[in-house]
Amino acid sequence: MSANSAEAPAEVDVVLVKAGRTKIRYPGVLLRDDGTRLAVNAPWAGAGVRDFGFVRFEAGDVFTEYYWRDRWYSVKEVRTADGALKGWYCDITRPAVLTGTELVVEDLDLDLWRSADGTDVRRLDEDEFAESGLAERDPKSAAAAVAALDELERLAHGEHFEDLLA
């Protein structure tokens with residue numbers, strides 16, 4: 001489906017893989033696919049509430065998720081059921097692969113949060129990344145993951161972060 005397509009949005013299964021195993025699988029609606037970037041709309045798929053201390057994901061939250069075939073991250077815009085923006089949760093991943101109706105993304109442990117007002121930008125799970133052993137097993141991928149996190153952090157501190165998603 002192209003960005004200019006008149007076709008109805010397609011249902012997809014988003015599959016997040018971590019350490020060779022499926023971490024979570026959930027349904028979403030493919031809003032756009034321009035050949036490089038995909039946009040998917042999906043409700044919060046976690047079991048119950050996930051309270052990070054700085055944000056809570058809960059039933060009714062809606063995620064507009066952006067995936068790239070050529071970038072090592074995904075960005076998830078998080079809104080409440082009534083549409084209030086909570087912020088953006090960014091996963092450092094290998095580039096996304098869409099095969100049929102299955103969108104597969106490999107999570108590389110590093111994450112970034114940017115609050116709705118942009119005042120809270122924080123790197124997450126660097127300890128998990130270090131413990132994963134990726135740097136020893138696959139130094140090139142580990143370097144790409146760290147570079148992606150650095151790039152996202154730089155963008156998140158800028159005035160035009162949302163342009164990334166436009």
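Two strands count as paired here if DSSP finds at least two bridges between them. Helices (H or I, at least four residues) and strands (E, at least two) are DSSP runs, numbered from the N terminus. This is a predicted model, in which local features need pLDDT of at least 70 and side-chain atom pairs count only at pLDDT 80 or more, while totals for chains, interfaces and linings use all residues. Residues are numbered from 1 along each chain as its sequence is written, and side-chain values use heavy atoms, with hydrogens and water left out.

**View A. Strand β2 meets β3.** β2 and β3 (residues 37-43) run antiparallel and are paired through 4 bridges. Look for L30, whose bridge partner in β3 is V40. The two strands make a hairpin with 3 residues between them, and G35 in that turn has a positive phi of about 100°.

**View B. Strand β1 meets β2.** Here 9 bridges link β1 (residues 10-18) with β2 (residues 21-33), again in an antiparallel arrangement. L30 turns up in this view too, standing opposite A10. This hairpin has 2 residues between its strands, and the one to check in the turn is A19, with a positive phi of about 55°.

**View C. The largest pocket.** A pocket is an open set of points on a 1 Å grid over the protein atoms alone, where a 1.4 Å probe fits and protein lies on both sides within 12 Å along at least five of seven lines; lining residues have an atom within 4 Å of a point. The largest pocket has a volume of about 540 Å³, volume being the space filled by probe spheres set on the points, which are joined across faces, edges and corners. Its lining has 25 residues, and L16, K23, W44, R50 and Y89 lie nearest the centre. β1, β2, β6 (62-68), β8 (85-93) and β10 (102-115) each chip in at least two lining residues. By class, the lining has 14 nonpolar residues (Ala, Val, Leu, Ile, Met, Phe, Trp, Tyr, Cys and Pro), 10 charged (Asp, Glu, Lys and Arg) and 1 polar (the others, Gly among them).

**View D. Two aspartates with positive phi.** D109 has a positive phi of about 80° without being a glycine, and its place is in strand β10. At 10% relative accessibility D109 is buried (under 20% relative accessible area, 1.4 Å probe, protein chains only). D125 has a phi near 65°, also positive in a non-glycine residue, and lies in the loop between β11 (121-124) and α1 (126-132). With 24% relative accessibility, D125 counts as partly exposed (between the buried limit of 20% and the exposed limit of over 50%).
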